[in-house]
Amino acid sequence: MTAATTAMAKPAAGTGGRGGVRRYALLLALWDSEYAKKVYGGYYNVFVSAFGSNAASGERWDCFRVIAGEFPAAEDLASYDGFVVSGSPHDAYADEPWIRRLCALIRTLHAMEKRVLGICFGHQVLCRALGGRIGKARNGWDVGVKKVTFAQDCLKSFGFLGDLDMELPSSASLIEVHQDEVWEIPPGATVLASSEKTRVEVFAVGELAMGVQGHPEYTTDILHNLIDRLTGQGDIEGRAGEEARRTAADTGGPDSKFWRTLCKGFLNGGRHQSCGGRPATPEVRCFTGAAAPRVQLAGLQR
């Protein structure tokens, strides 16, 4: 079964895809939370706002709720310029049919030399699909705004980074909400960043696959809502929730502009992304009709 939510921006000269429009697929591995629906209209809008280019760039975003068995048709894969795999409350190492199917899709996309960006669960399932190992985080839950440190020598070897209109910092703050992690990166992969609790915060396999353990798409208010839900359901202790809130205050929040520029640059192959610009405000048409949204807080990411 396939389904799509589509966002369309005005085409511009010189862009790729069909008819001069660059085309991306968002593979959503979670249901929308009540908060995300009420404030943002769902996680689809959160991702497009974070990773979509400005309205004049000309691009299209299709959304597939893979957790509900909605996947892009095989004959359509070649028409996409890039794919984004979202976070999820499920374990990326589980054997549920949709997770196995997602792994198979990622391997197909890699063989087709398509760009795939994995976020949190997506970071982990990307690792699994390409031959790495994942599991429970040895240091337990990591929740809050944390400093991520980059391996500068490794970063310099990636071509798409050279075209970004910004300086690469030695570290950047990022929202984290996870209790699983990458244990071993896939063959041929490179660790690009780490943090105090998580050894593999960012990895890449050549120029075609990149995983980010944290959440570049999240805003601080989404983090605070997640902390409320995690503590309310007993997934983390109240003391841990208070500490997570303090990290947001102490750091001044995540370095969202940097992280989003990095992710956009990867998806676009370094096509002169900059830290400026206005996020797209696309017209949205919904075709999903999936099962009713459901909140599930026992796993990786909310």
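**Aromatic pairs, helix α3 and buried strand positions**

Phe150 is buried, and Trp259 is buried as well. The model that shows this is predicted. The two residues form a tilted aromatic pair, with 5.5 Å between ring centres and 40° between the planes. This pair links distant parts of the chain. Phe150 belongs to strand β7 (residues 142–150), and Trp259 belongs to helix α9 (residues 256–267). The two positions are 109 residues apart.

The chain as a whole contains nine helices and 13 strands. It has 302 residues, of which 56% count as buried. Contacts between residues at least 6 apart in sequence were also examined; 79% of these join residues at least 24 apart. The exposed area of the chain is about 12200 Å². Carbon and sulfur atoms supply 49% of that area.

Eight aromatic pairs are present in the structure. One of them is formed by Phe64 and Tyr80. Its geometry is edge-to-face, with the centres 6.5 Å apart and the planes at 85°. Phe64 lies in strand β3 (residues 59–65), whereas Tyr80 lies in the loop between β3 and β4 (82–85). The separation along the chain is 16 residues, and the pair links distant parts of the chain. Phe64 has a relative accessible area of 5%, so Phe64 is buried. Tyr80 counts as buried because its relative accessibility is 1%. Phe64 and Tyr80 also join Phe83 in one aromatic cluster.

Two arginines place their charged ends over aromatic rings. The charged end of Arg115 sits over the ring of Phe266, 5.3 Å from the ring centre. That of Arg138 sits over the ring of Trp183, at 4.7 Å from the centre.

Helix α3 spans residues 97–111, 15 residues in total. From first C-alpha to last, α3 reaches 21 Å, close to the 21 Å expected at 1.5 Å a residue. Its buried residues are Trp98, Ile99, Leu102, Cys103, Leu105, Ile106 and Leu109. These residues lie on the same side of α3 because they cover an arc of only 160° around the axis. The face turned away from this buried side carries the exposed residues Pro97 and Ala111. The buried residues of α3 pack against three strands and a helix: β2 (22–28), β4, β5 (115–119) and α4 (121–129). After α3 comes Glu113, whose phi is positive, near 60°.

Helix α2 (residues 43–51) is mostly covered. Seven of its nine residues are buried. They are Tyr43, Tyr44, Val46, Phe47, Val48, Ala50 and Phe51.

Strand β4 contains Gly82. Gly82 counts as buried because its relative accessibility is 0%. Beyond its neighbours within four places in sequence, Gly82 is in contact with Arg23, Tyr24, Ala25 and Arg115. Among these partners, Arg115 is the residue whose charged end sits over the ring of Phe266. Gly82 and Gly269 are 187 residues apart in sequence, yet their C-alpha atoms are 9.5 Å apart in space.

Ala204 is located in strand β11 (residues 202–205). Its relative accessibility is 2%, so Ala204 counts as buried. Leaving aside neighbours within four places in sequence, its contacts are Phe158, Gly188, Ala189, Thr190, Leu192, Ala209 and Met210. The C-alpha atoms of Ala204 and Thr190 are separated by 5.4 Å, with the two positions 14 residues apart along the chain counted as their spacing.

Ala189, one of the contacts of Ala204, lies in strand β10 (residues 189–195). With a relative accessible area of 15%, Ala189 is buried, because the cut-off is under 20%. Ala189 touches Phe203, Ala204 and Val205, not counting residues up to four places away in sequence. Ala189 and Gly132 are 57 residues apart along the chain, and their C-alpha atoms are separated by 9.0 Å.

How values were computed
Residues are numbered from 1 along each chain as its sequence is written. This is a predicted model: local features need pLDDT of at least 70, side-chain atom pairs count only at pLDDT 80 or more; totals for chains, interfaces and linings use all residues. Side-chain values use heavy atoms; hydrogens and water are left out. Helices (H or I, at least four residues) and strands (E, at least two) are DSSP runs, numbered from the N terminus. Buried means under 20% relative accessible area, exposed over 50%, partly exposed in between (1.4 Å probe, protein chains only). Contact means heavy atoms within 4.5 Å. Accessible areas come from the Shrake-Rupley method with a 1.4 Å probe; for residues, only the protein chains shown count as cover. Rings of Phe, Tyr and Trp (its six-membered ring) pair if their centres lie within 6.5 Å; planes under 30 degrees apart count as stacked, over 60 as edge-to-face and the rest as tilted. A charge sits over a ring if NZ of Lys or CZ of Arg is within 6 Å of the ring centre and within 35 degrees of the ring normal. The expected span of a helix is 1.5 Å times one less than its number of residues. The arc is that of the directions from the helix axis to the C-beta atoms.
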